[in-house]
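I opened the notebook on this complex to record what I looked up, entry by entry. I took confidence before the fold, the contact and the core.

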Amino acid sequence: MSDPTNVKLRVNNSELWGGLIGLVLGVFVVWSGLKLKLGTINDPGSGYVMFYTGILMCLFAVTIIIAAVTEGGATFGSRWTGARWTKPLVVIACLIAFALALDRLGFLLSTIPLMLLLLRLIDPVRWSLAIPIALLAPLGVWWVLKRLLLIQLPAGIFEIG
Amino acid sequence: METLLNVGQGFGVALLPINLLYCFIGVFIGTLVGVLPGIGPISAMSLLLPITLSGTPESGIIMMAGIYYGSMYGGSTTSILVNIPGEAASVVTCIDGHQMAKQGRAGPALGISALGSFIAGTFALVALMLVAPSLASVAIAFGPAEYFSLMVLGLVVLTFLTQGSMAKALLMACIGIVLGLVGLDSITAQPRLTFGRLELIDGIGLVPVVMGLFGVAEVLINTEQIIKRDVINAKITHLLPNKADWKASAGPIGRGTILGFFLGILPGGGSVISSFASYALEKRLSKTPERFGNGAIEGVAGPEAANNAAAGGAFIPLMTLGIPPNVVMALLLGAFIVHGVQPGPLMITQNPGLFWGIVASMYIGNAMLLVLNLPLIGMWVQLLKLPYNILFPLIILFTIIGVYCSSNNVFDVYVMIAFGLIGYFMRKLGYEPAPLVLAFVLGPMLENNLRKSLILSQGDLFTFVERPISAVCLAIAVVLLVGPLLPSLRKKRELVALDEGV
């Protein structure tokens, strides 16, 4: 009986997609190298190394694709079997929201909610512990950096921090 | 005599109160990150790289080096008491170390691990002192062709030793080279892959890339699982091994030290592979191999000595050739460069205080580690009980701060988060980040030396094979590249493949 987690020419073959992404990147690097000018072998230009590295990338990516098609590759689902896949997703979402807020809201107003969310949403820490940690850790870091090391952290539109 | 004078000068630098303080901070943090699973020396060093900017180069490098060899000590504590490797080089210590702890022999296991590490670390330093200056005098004769070929060899060895498909590892190395080329071309000053962003003119920072790929990605991977810790709760006594323990461990420590030191020097090698190699060697040499896996003290002593000796040996290619043999050394190279010091054959003569100061500080650091790891073991055991759901938000906070402070630029925080996501998906799809990071650091040097050699030889590609050192390096690289096509060598590669992810 064939292994359902190992597929060949299927859309959910993760190895195939990995190779394809590598190939696209390789083609982009080759194109960028050409655009930057290769120069000559006596006097290589800015794009010389990039161009040949791009060719190597394409070569390795094609090797991965061939192996994925001939030997098969793990399905996307099997890569996350037994894993709590929603947890890293939550962390990723929190980090993206934080990145968007950091410049606008400043360090303190963006970091305190980030800490609170991370403490409560993954493996919930009880409120009586989560709130002090979420408040004190960023405040402590902010105080050390701003007062002791004189490093300016983003203050945001509200000029807090 | 000259060496002794140099060592004296080194101790003069290392014993300055500020350097002693940095050394202590380094080994303390090293032990801490070694003990805590989920954060390794790479993350810790990249986190603290910006802090070293405020001090002298000596202080900064002393601290960074302390984190590295300190983590080798600390990692064994977690392996023995919890059966989770604190960092990658201690994976093998779990096998017999935890069994010893379960049998009520946690004390001797921790003791032999710390003492074996101390002996190996001291030997590696003596060898570093003797080998580095002689190698540096030979390395002065190296031209761009030799440097280029050595870097190619380093990258190929690392990809050879990386877990999983070699094509994937090589693809990662190529991506690392391209990322390293982002920014102004050092020869023509032409911007490359900057997409019109001013922040990319100076290139992508090493700190956000490493913090993202190792720090954030590691947290994302860890949040997928519920981390259970089976901490040995019994009181730890009899830390000093008895006569029989010493008798059984002397050989493994000696062999592990020599093996680890030489594997550490090799480009692409390092602490992880040396600990595995030492374990395999001891099991093969043992008259009672069936004891291995059931609490054999040799299975703890040998690998622990080997990984510490390798940590010392790895400084040789960095200090004498300016080529980092592994990712940790690549970070140290970054630390040297931010301080305006270029490691290489001339560093020992031009900056003797720095070189010998670092070497001397490592002696002092080793002694500090012995105190930190034996009498204070109870403190580290308490720390092991810190739950991961409290630890990981703090790791995220410190990575953000570390990255921001390295450049005072929010853009680098975005870069770190982006590389965190990339690193997470890379690992899920079986792509290791270590070759990418080493290639990222070596990329600009590799390009520079390739272009220089082509200009000097007027485009003659034979320059790489006509020069003996360059030819040997390239020949080994070709063998390693072609080797995995042969089934017997592929099997061997799978056996030694390492994970430098932690």
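Entry on confidence. I looked up chain B and found a mean pLDDT of 84, with 92% of its residues at 70 or more. I then asked which helices of chain B mark the extremes of confidence. The lowest value belongs to helix H23 (residues 487-496) of chain B, with a mean of 63, and the highest to helix H8 (residues 166-181) of chain B, with 93. The model is predicted, and I noted the predictor's scores for the complex, an ipTM of 0.92 and a pTM of 0.81.

Entry on the fold of chain A. I counted six helices and two strands in chain A. Read from the N terminus, the order of elements is β-α-α-β-α-α-α-α. The domain assignment of chain A lists domain 1 (14-80) and domain 2 (86-148). I recorded 38 Å between the C-alpha centres of these two domains of chain A.

Entry on the dimensions of chain A. I looked up the radius of gyration and found 24 Å for chain A, whereas a compact globule of 161 residues would have one near 15 Å. The C-alpha trace of chain A spans about 60 × 55 × 25 Å along its principal axes. Of the 161 residues of chain A, 37% count as buried. Among contacts in chain A with a separation of 6 or more, I found that 63% join residues 24 or more positions apart.

Entry on the contact between the chains. I asked how many residues each chain brings to the contact. Chain A brings 52 residues and chain B brings 48. On the side of chain A that touches chain B, at least two residues come from each of helix H1 (14-36), helix H2 (48-70), helix H4 (86-105), helix H5 (107-121) and helix H6 (127-148) of chain A. H2(A) has the largest share of that side, with 10 residues. Sorted by class, the side of chain A that touches chain B holds 35 nonpolar, 11 polar and six charged residues.

Entry on the core. I looked up the largest nonpolar core, which has 211 residues, and found that B:Leu332 and B:Val437 touch the most other members. Helix H6 (residues 106-139) of chain B contributes the most to this core, 18 residues. The core also takes at least three residues from each of domain 1 (14-80) and domain 2 (86-148) of chain A. Finally, I listed the contacts of B:Leu332, leaving out residues up to four places away in sequence: B:Ile61, B:Met64, B:Ala65, B:Leu318 and B:Pro324.

Methods
Residues numbered from 1 in each chain as written. Chains lettered and ligands numbered in written order. Predicted model: local features only at pLDDT ≥ 70, side-chain atom pairs only at ≥ 80, totals over all residues. Core = buried A, V, L, I, M, F, W, Y, C linked by C-beta atoms within 7 Å. Buried ≥ 20, exposed ≤ 12 C-beta atoms within 10 Å, placed from the backbone. Helix = DSSP H or I, 4+ residues; strand = E, 2+ residues; numbered from the N terminus. Domains from an automatic or database assignment. Contact = placed C-beta atoms within 7 Å. Nonpolar A, V, L, I, M, F, W, Y, C, P; charged D, E, K, R; others polar. pLDDT = per-residue confidence, 0-100. Rg over C-alpha atoms; globule rule 2.2 N^0.38 Å.
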